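Subject: Structure for your review

Dear colleague,

Please find below the structure I am handing over to you. My notes on it follow.

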Amino acid sequence: MNAIQTQTLDPNFLNSLADQIVARMTAVGPTESITFGELYHQYFERHVKIRLKNQDNPHYFFKVYGARWAAVKVHELKRTELQAWIDTVGQKSASAATRALNMVKAIINWGMRKDLIPRMVNPCSGVETFECRSRERFVLPAELNRLRAALDEEPNLMRDFFWISLLTGARRSNVLSMRWDEIDFDLATWMIPADKFKNGNSHTIPICALALGILQRRFENREVTSPWVFPGRKANDHLKEPKRAWKRIITRAEITDLHIHDLRRTLGSYMAMNGENQYVIAQMLGHK
């Protein structure tokens, strides 16, 4: 006798399964929900402020992209409209389009988990994104003198900010929020607390002589009441957005396709060109 026995499926089971499939295929979607703008603000207050170290990215996303959907109720978001939107954003920046879509998708998923909106198929599902390659851009040797000359024409605040960004290889958010109590002038180190660092651990960066000189000068001329190395316009707040100054600098230096984050990559690239091993570079940049 054949060892493989044929089993007869219960007809009632098959009918039940068919009914479930039909019910899912013909189910009517939700007819009411809050607007995407309302959901975003709930997401920011209840999730971003409490659980995320970097609050700038969600805030920037909604300011630049999310407002497009602010007045639309979540259940009325259509995949075809989201696809057209992503295609338009992607014409300027493929990476920005992908990040924007991921943010919308994450906010809607969070809203469903918190029962702020009804369960539904996320309208971002099936939207085609762009293939994004990691950037390899850094300040080339031929560009360094032009960048230095362009920085020299900047006011002290912005000039020093970009020099410290380049000389420490730190992330923009960490340099913006650098505090005097994080700097040890005797040991020439900068200790970034765990609650401000991306990988969740505190990170100590050695400060080279040039960067230390910049910080000492700023310390001597600081506002005694401000804890920030780079104070902002508002009282008791740090510098917020250096993009306009950066655009002015690279235009003056006649440098194209160079982002602020590329300054971080520049430090790692020059360390590698000078023979440092990958472990030392990873430790300097705070990579796990």
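**Sheet and strands**

The model is a predicted one. It contains an open sheet of three strands, arranged in the order β1-β2-β3 with antiparallel pairing. The edges are taken by β1 (183–184) and β3 (203–206); each has a single partner strand, so one side of each is left without a neighbour in the sheet.

Between β2 and β3, the antiparallel pairing runs over four bridges. Two of the facing positions may be given by name. W190 stands opposite I205 in β3, and T189 has P206 of β3 as its bridge partner. The two faces of β3 can be told apart: H203 and I205 form the covered face, while T204 and P206 form the uncovered one.

**Nonpolar cores**

The largest nonpolar core comprises 43 residues, and those touching the most other members are L147, F162, I164, M178, W190, F230 and W246. At least two residues of this core come from each of α6 (141–152), α7 (156–168), α8 (172–176), β2 (189–192), α9, α10, α11 (262–273) and α12 (278–285). The greatest contribution is that of α7, with seven residues. As general background, nonpolar side chains in soluble globular proteins tend to be buried together.

Which residues does F230 touch, not counting those up to four places away in sequence? They are L157, D160, F161, I164, V175, L176, M178, R218, H238 and L239. Apart from the largest core lies another, of 30 residues, including A97, A100, V104 and V127.

**Two buried loop residues**

S226 is placed in the loop between α9 (209–220) and α10 (243–253). Is S226 buried or exposed? Its relative accessible area is 12%, which is under the 20% limit, so S226 counts as buried. The side chain of S226 reaches the backbone nitrogen of W228 at 3.3 Å. Leaving aside neighbours within four places in sequence, S226 is in contact with W180 and P231.

E154 lies in the loop between α6 and α7. With a relative accessible area of 4%, E154 is likewise buried. Its side chain is joined to that of R252 by a polar contact of 3.1 Å. When residues up to four places away in sequence are not counted, E154 touches R159, A245, R248, I249 and R252.

**Second largest pocket**

You may also wish to look at the second largest pocket, which holds about 530 Å³ of space. Its lining is made up of 15 residues, and G232, R233, L239, K240 and E241 are those nearest its centre. Two or more lining residues are given by α7 and by α10. Of the elements, α10 gives the most to this lining, with four residues. L239, one of the residues nearest the centre of the pocket, is also among the residues that F230 touches.

In short, α7 gives the most to the largest nonpolar core, whereas α10 gives the most to the lining of the second largest pocket.

With kind regards

Definitions and conventions: Residues are numbered from 1 along each chain as its sequence is written. This is a predicted model: local features need pLDDT of at least 70, side-chain atom pairs count only at pLDDT 80 or more; totals for chains, interfaces and linings use all residues. Side-chain values use heavy atoms; hydrogens and water are left out. Buried means under 20% relative accessible area, exposed over 50%, partly exposed in between (1.4 Å probe, protein chains only). A polar contact is a pair of N or O atoms within 3.5 Å; within protein, one must be able to donate a hydrogen and the other to accept it, and residues adjacent in sequence count only if both atoms are side-chain atoms. Contact means heavy atoms within 4.5 Å. A nonpolar core is a set of buried Ala, Val, Leu, Ile, Met, Phe, Trp, Tyr and Cys residues joined through side-chain atoms within 4.5 Å. Two strands pair if DSSP finds at least two bridges between them. On a 1 Å grid over the protein atoms alone, a cavity is a set of points where a 1.4 Å probe fits but cannot get out, and a pocket is an open set with protein on both sides within 12 Å along at least five of seven lines; lining residues have an atom within 4 Å of a point. Grid points are joined across faces, edges and corners, and a volume is the space filled by probe spheres set on the points.
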